[in-house]
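Trainee: Could you take me through one part of this model in detail, the place where the two domains meet? I'd like the whole story in one go.

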Amino acid sequence: MSFDERRVPGRVKEVTSLSNPLIKDLKALVMKKHRDRERVFMAEGLKLVLDALDAGWAIRTLVYAKAGRGNATVEKAAARAVAQGGLVLEVSEKVLSAITRRDNPQMVVGVFEQRYRDLKDIRAAQDDVWVALDRVRDPGNLGTIIRTVDAVGARGVILVGECTDPYSIETVRATMGSLFAVPLARANEETFLAWRQRFAGLVVGTHLKGWVDYRTVNYSSGPVLLFMGNEQQGLPERLAEACDRLVRIPQAGRADSLNLAVATGVMLYEIRRAALPAASEKMQ
Ligand code: SAM
């Protein structure tokens, strides 16, 4: 029986046993192959679940701890899940710990449908900034980058090649809710390079061998695609050659490079400052 077939939507079910098949399905979401098969992911915390519902994300299952019974906000979230045809489970803390693999789990967990934008539908407008990540490996880096993209008002993230899963529990945690605000697309190298040919703007790659200081580039002539390299290998030659500019962030000291998420943050704030002084003034 599949995940979907086991779900009886539209009513609250009380579950205390770890061997309940519904709970086994939820625990299995820790594995990428199960998330991929069901095309869902888990978001922890009442605030995050409400933010996701407000942003129009489709909920499949809402799980809350017994302690949440009678809490008006939890009950409202449960009612919204039911209204969408979602399943609502009231569980013991032990079950919630097992689902989230945390000793002190949040009171509410939501299982939402994954979303990816189709790369071919992405057409950048004048002030848009997109970030492309080549084979990003670390969930913390990816989550931090999604959060930073949200903070600077960039348009979204394109995952190029074999990347860490943006919908893993670690990445979702690291986005601190920004996942629900930042469009994601994914593509293999070929598809990305074909799309890049049609990108009517500046493609800026960051590279330790880049000879242009990142502060000297004019980012204000149209949309910008910022391309960041893999944590271990950086941007491979083929992808570096597809960039209009290869820039370097100067460094003093002994470190041979910056952390990927930090370098992305430095670049995004510079691009925003240079291209949109008015917008960066509005940032609070
Ligand atoms: N050993 C890798 C290399 O040789 O490229 C280091 C990669 S670095 C940890 C990960 C990514 O962060 C790089 O591919 C680049 O996109 C960006 N990055 C880190 N430090 C940078 C710097 N000083 N200038 C430009 N980009 C940098």
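Mentor: Across the interface of domain 1 and domain 2, 5 residue pairs come out in polar contact, with both partners at pLDDT 80 or more. Keep in mind that we're looking at a predicted model. On the domain 1 side, the elements that put two or more residues against domain 2 are α3 (32-38), β2 (40-44) and α4 (46-54). The top contributor there is β2, which gives 4 residues. Sort the residues on that side by type and you get 7 nonpolar, 1 polar and 4 charged.

Now the charges. Between domain 1 and domain 2 the count is 2 salt bridges. One to pull up on your screen is E44 with R173, where the closest N and O atoms sit 2.6 Å apart. E44 falls within the β2 range, 40-44, and R173 falls within domain 2, which runs over 119-283.

Step back for the overall layout. Domain 1 covers 3-113, and its centre is 32 Å from that of domain 2, going by C-alpha atoms. In terms of contacts, 12 residues of domain 1 meet 10 residues of domain 2. Together the two domains bury about 1100 Å² between them, and carbon and sulfur atoms give 64% of that.

For the wider picture on charge pairs, the structure as a whole holds 19 salt bridges. Another of them joins K66 and E14, with the closest N and O atoms 3.8 Å apart. That pair ties together distant parts of the chain: K66 is in the loop between β3 (59-65) and α5 (72-83), while E14 is in strand β1 (residues 12-15), and 52 residues separate the two.

While you have the model open, have a look at the ligand too. It has 18 residues around it, and the ones that come nearest are T206, G229, I249, Q251 and L258. T206 uses its side chain, with an N or O atom 2.6 Å from a ligand oxygen. Q251 also brings in its side chain, placing a polar atom 2.7 Å from a nitrogen atom of the ligand. With I249 it's the backbone instead: one of its N or O atoms lies 2.9 Å from a ligand nitrogen.

Terms used. Residues are numbered from 1 along each chain as its sequence is written. This is a predicted model: local features need pLDDT of at least 70, side-chain atom pairs count only at pLDDT 80 or more; totals for chains, interfaces and linings use all residues. Side-chain values use heavy atoms; hydrogens and water are left out. Domain bounds come from an automatic or database domain assignment. Contact means heavy atoms within 4.5 Å. Buried area is the accessible area (1.4 Å probe) that two parts lose on being put together, summed over both. A salt bridge is a side-chain nitrogen of Lys or Arg within 4 Å of a carboxyl oxygen of Asp or Glu. A polar contact is a pair of N or O atoms within 3.5 Å; within protein, one must be able to donate a hydrogen and the other to accept it, and residues adjacent in sequence count only if both atoms are side-chain atoms. Ala, Val, Leu, Ile, Met, Phe, Trp, Tyr, Cys and Pro count as nonpolar, Asp, Glu, Lys and Arg as charged, and the others, Gly among them, as polar. A residue is near a molecule or strand if one of its heavy atoms lies within 4 Å of it.
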